[in-house]
Amino acid sequence: MLKEDANERAKEFCKLREMTLDQAHLLGQGQEGYVWSTSNESAVKVFERARNFETELECYQILHNESVHELDGFTIPRLLDHDNELQVIEMTIVSPPFLLDFGKAYIGRRPDFTEEVMSDYESDREELFEGNWPLAWGVVSSLEKYGIYYWDARPGNINCKGHPDAI
Ligand SMILES: Nc1ncnc2c1ncn2[C@@H]1O[C@H](COP(=O)(O)OP(=O)(O)O)[C@@H](O)[C@H]1O
Ligand SMILES: [Mg+2]
């Protein structure tokens, strides 16, 4: 997705809600989209794919209904608003340690990957998390009781910085 397209959608989202996009403040970007801060002191995430938008929205709705804004010492953004047409989610800004980015999760069913895929995934995580994979794995497991099977564990999404159990 072009940054300009994402930016237009984020600006439109803000305009419709009488707030402004903090253009200078790109909170982050990942494989799926762009995240900017707003004059509402919130974060707006613009999605490229409908599937990821819908999944992330549903996860935040589940967590919101269960009042889960923190899990195992990780802060989870609160859902503030969303726009189906613009494929934008507005949420609170969090700082580490945090857990976010639910676009690639599975809801209500564990993905049935082969053992080989699973073991490759695990060994990649060990490398990515540099000693903090057991900590990240713990919070991912805790999400399962809400029917959320998280499948994109990486340090940008599960930030262990400042967690009392982090290495
Ligand atoms: N609510 C938020 N508060 C603070 N930083 C955020 C927030 N949402 C996203 N970010 C930052 O933006 C980055 C990209 O967001 P993310 O949701 O992971 O997008 P993608 O699905 O494209 O990977 C994150 O790694 C994080 O650093
Ligand atoms: Mg991400």
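**Figure 1. Overview of the chain in the predicted model.** The secondary structure consists of four helices and 11 strands. Along the principal axes, the C-alpha atoms occupy a box of roughly 45 × 35 × 30 Å. The radius of gyration is 16 Å, which agrees with the value near 15 Å for a compact globule of 167 residues. Of the 167 residues, 46% are buried. Take the contacts between residues at least 6 apart in sequence: 64% of these link residues at least 24 apart.

**Figure 2. Surface and charges of the chain.** The exposed area is about 9000 Å², and 46% of this area comes from carbon and sulfur atoms. The chain carries 16 positive and 32 negative charges. The mean position of the positive charges lies 3 Å from that of the negative charges.

**Figure 3. The hairpin of strands E6 and E7.** Strand E6 covers residues 79–83 and strand E7 covers residues 88–92. The two strands run antiparallel and are joined by four bridges. In one pairing, His 82 has Ile 89 of E7 as its bridge partner. Four residues lie between the strands of this hairpin.

**Figure 4. Gln 87 in the loop between E6 and E7.** Gln 87 is not a glycine, yet its phi is positive, at about 55°. Gln 87 counts as buried because its relative accessible area is 16%, and the cut-off for buried is under 20%.

**Figure 5. Glu 41 in the loop between strands E2 and E3.** Strand E2 spans 33–38 and strand E3 spans 42–47. Glu 41 also has a positive phi of about 55° although it is not a glycine. Glu 41 has a relative accessibility of 68%, so this residue counts as exposed; the cut-off for exposed is over 50%.

**Figure 6. Asn 7 and its surroundings in helix H1.** Helix H1 runs over residues 3–16. Asn 7 has a relative accessible area of 12% and is therefore buried. Leaving out residues up to four places away in sequence, Asn 7 touches Leu 21, Gln 23 and Trp 36. Asn 7 and Val 35 are separated by 28 residues in sequence, and their C-alpha atoms are 9.2 Å apart in space.

**Figure 7. The cis peptide bond from Pro 96 to Pro 97.** The omega angle of this bond is near 0°. Pro 97 sits in the loop between E7 and strand E8. Strand E8 covers 98–99.

Definitions and conventions: Residues are numbered from 1 along each chain as its sequence is written. Chains are lettered from A and ligands numbered from 1 in the order in which they are written. This is a predicted model: local features need pLDDT of at least 70, side-chain atom pairs count only at pLDDT 80 or more; totals for chains, interfaces and linings use all residues. Side-chain values use heavy atoms; hydrogens and water are left out. The radius of gyration is taken over C-alpha atoms; the globule rule is 2.2 Å times the number of residues to the power 0.38. Buried means under 20% relative accessible area, exposed over 50%, partly exposed in between (1.4 Å probe, protein chains only). Contact means heavy atoms within 4.5 Å. Accessible areas come from the Shrake-Rupley method with a 1.4 Å probe; for residues, only the protein chains shown count as cover. Lys and Arg count as positive and Asp and Glu as negative; His and the chain ends are not counted. The place of a charge is taken as NZ of Lys, CZ of Arg, CG of Asp or CD of Glu. Two strands pair if DSSP finds at least two bridges between them.
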